[in-house]
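This briefing introduces a protein structure to a reader who has not met it before. Please keep the sequence and the model in view while reading.

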Amino acid sequence: MKKLFRTLTILFCALAPASGAKAASSVAAPPVIIFDTDMGSDVDDAGALALLHRLADLGEVQLAGVIFSSGKNRFGVGVCDAINTWYGRGSLPLGQYQREDIGDPNNLYSRQIATATNVYRHDVIDRAPDLVTVYRELLRAAREGSVTILTVGHPHGLVWLMRDTEGARLVTNKVSRWVAMGGTPEQPGRDWNLGENGTGAYMDELLANWPTKAYFSPVGETVITGNRKLPATPKNNPVREAYRLWNNAIEKGRSSWDQVAVLYAARPQLFETQPGRMRHTTGPNVVWEPKAAGAMHYRVLPKISEAALAETIEDLMAQPPRKGGW
Ligand SMILES: [Ca+2]
């Protein structure tokens, strides 16, 4: 994280098209992903960030930066830095929500991992720059229409980004899609990411103003991972430790909502998309309207079995980093 500006310079070079090469390549570039997470509340965020790093190692995505969205337990940002460092990307830009109106104050693993800088060799514990500032820097550096914003926590940061004049312009120019882990109940129902912990207050504004296609991934509750191959990884793997600390998920396993959303962002061919509309009703409740037209909202559902999903996710979470702490 110390090397933010150097990293951004490298990112500019990596993401900018070479002169005259704009239309020359016939191979689609991997999606540039900004990962926006409520790391620390549940443990699937740790699994999802591991998955994303491994997919970046494989060249299937470019991971541009990580945004931590909770204002109530600030150590989640340190876990993000520990995982980034484990995968050899400790200088990846990190942003953080600075207010305290949103988030889950509970702590099961984030303080323990964030403060253990001697074990995980990271340098961010609980403080990173404001998320709007970092979103703007990442989007300025990206090619037009190249960015996927992937939210696996409360997406209120996107409201703050859209309230910013330059931020709104950058979203329109640089972002091709918003992928969100979020429930799609066909009767109004509580949703953790899109409604709980204060997020419902932001949803009408977000859904009314967001200018790109939005993909909602609801699946993952019965896709259990973290307990088959992850336990065999080294004990100083912060992802393994997060699963151990979170209700002993390293033995019991845990639902994989956030990893399924990551997998959609990287491998959309494994999913079908259904048009409809996501609508906030009251408080923490949302409803998915499958017959509504014109909203640019899609529900994404896997075409492969839950067993195949779990196997794919566990494999990717447990493979060693290409470079880094292994
Ligand atoms: Ca999450």
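The points below move from the whole chain to its sheet and then to selected helices.

The structure is a predicted model. Its protein chain holds 14 helices and ten strands. With a radius of gyration of 18 Å, close to the 20 Å that the globule rule gives for 326 residues, the chain is as compact as a globular protein of that length.

**Overall form**

- The C-alpha trace of the protein chain spans about 50 × 50 × 40 Å along its principal axes.
- Of the 326 residues in the chain, 53% are buried.
- When contacts between residues at least 6 apart in sequence are considered, 84% of them join residues at least 24 apart.

**The sheet**

- Ten strands make up an open sheet with mixed pairing, and their order is β3-β2-β1-β4-β5-β7-β10-β8-β9-β6.
- The edges are held by β3 (94–96) and β6 (189–190); each has a single partner strand, so one side of each is left without a neighbour in the sheet.
- At the β3 edge, strand β2 (residues 62–68) runs parallel to β3, and three bridges join the two. One of the bridged pairs is V66 with L94, the latter lying in β3.
- Helix α13 packs on this sheet and touches β1 (32–37), β4 (147–151), β5, β7, β8 and β10. The direction of α13 makes about 155 degrees with that of β5.

**Strand β7 and its neighbours**

- Strand β7 (residues 213–217) is mostly covered, as four of its five residues are buried.
- Strand β5 (residues 175–181) pairs with β7 in the parallel sense over five bridges. M181 has S217, in β7, as its bridge partner.
- The pairing of β7 with β10 is also parallel, and it extends over three bridges. Here F216 is bridged to R299, which belongs to β10.

**Helix α2**

- Helix α2 has 14 residues, and its first and last C-alpha atoms lie 20 Å apart, close to the 20 Å expected at 1.5 Å a residue.
- Burial in α2 extends to 14 of its 14 residues.
- G59 follows α2 and has a positive phi, near 80 degrees.

**Helix α10**

- In helix α10 (residues 200–209), the buried residues are G200, Y202, M203 and L206. These residues lie on the same side of α10, because they cover an arc of only 130 degrees around the axis.
- An α-helix has 3.6 residues a turn, so residues three or four places apart point the same way.
- The cover over the buried residues of α10 includes two helices and two strands, namely α7 (156–163), α9 (192–195), β8 (271–280) and β9 (285–289).

**Helix α14**

- Helix α14 (residues 306–318) has 13 residues, which should span 18 Å at 1.5 Å a residue; the end C-alpha atoms are 18 Å apart, in agreement with that expectation.
- The buried residues of α14 are L309, A310, T312, I313, E314, L316, M317 and A318.
- Those buried residues pack against the helices α2 (44–57), α11 (238–245) and α13 (257–266), and also against the strand β10 (297–302).
- Two of these packing partners appear above in other roles: α13 packs on the sheet, and β10 pairs with β7.

Note on methods:
Residues numbered from 1 in each chain as written. Predicted model: local features only at pLDDT ≥ 70, side-chain atom pairs only at ≥ 80, totals over all residues. Expected span 1.5 Å × (residues − 1). Buried ≥ 20, exposed ≤ 12 C-beta atoms within 10 Å, placed from the backbone. Contact = placed C-beta atoms within 7 Å. Pairing = 2+ DSSP bridges. Arc of directions from axis to C-beta. Rg over C-alpha atoms; globule rule 2.2 N^0.38 Å. Axes fitted to C-alpha atoms, helices over the stretch in contact; angles between N-to-C directions.
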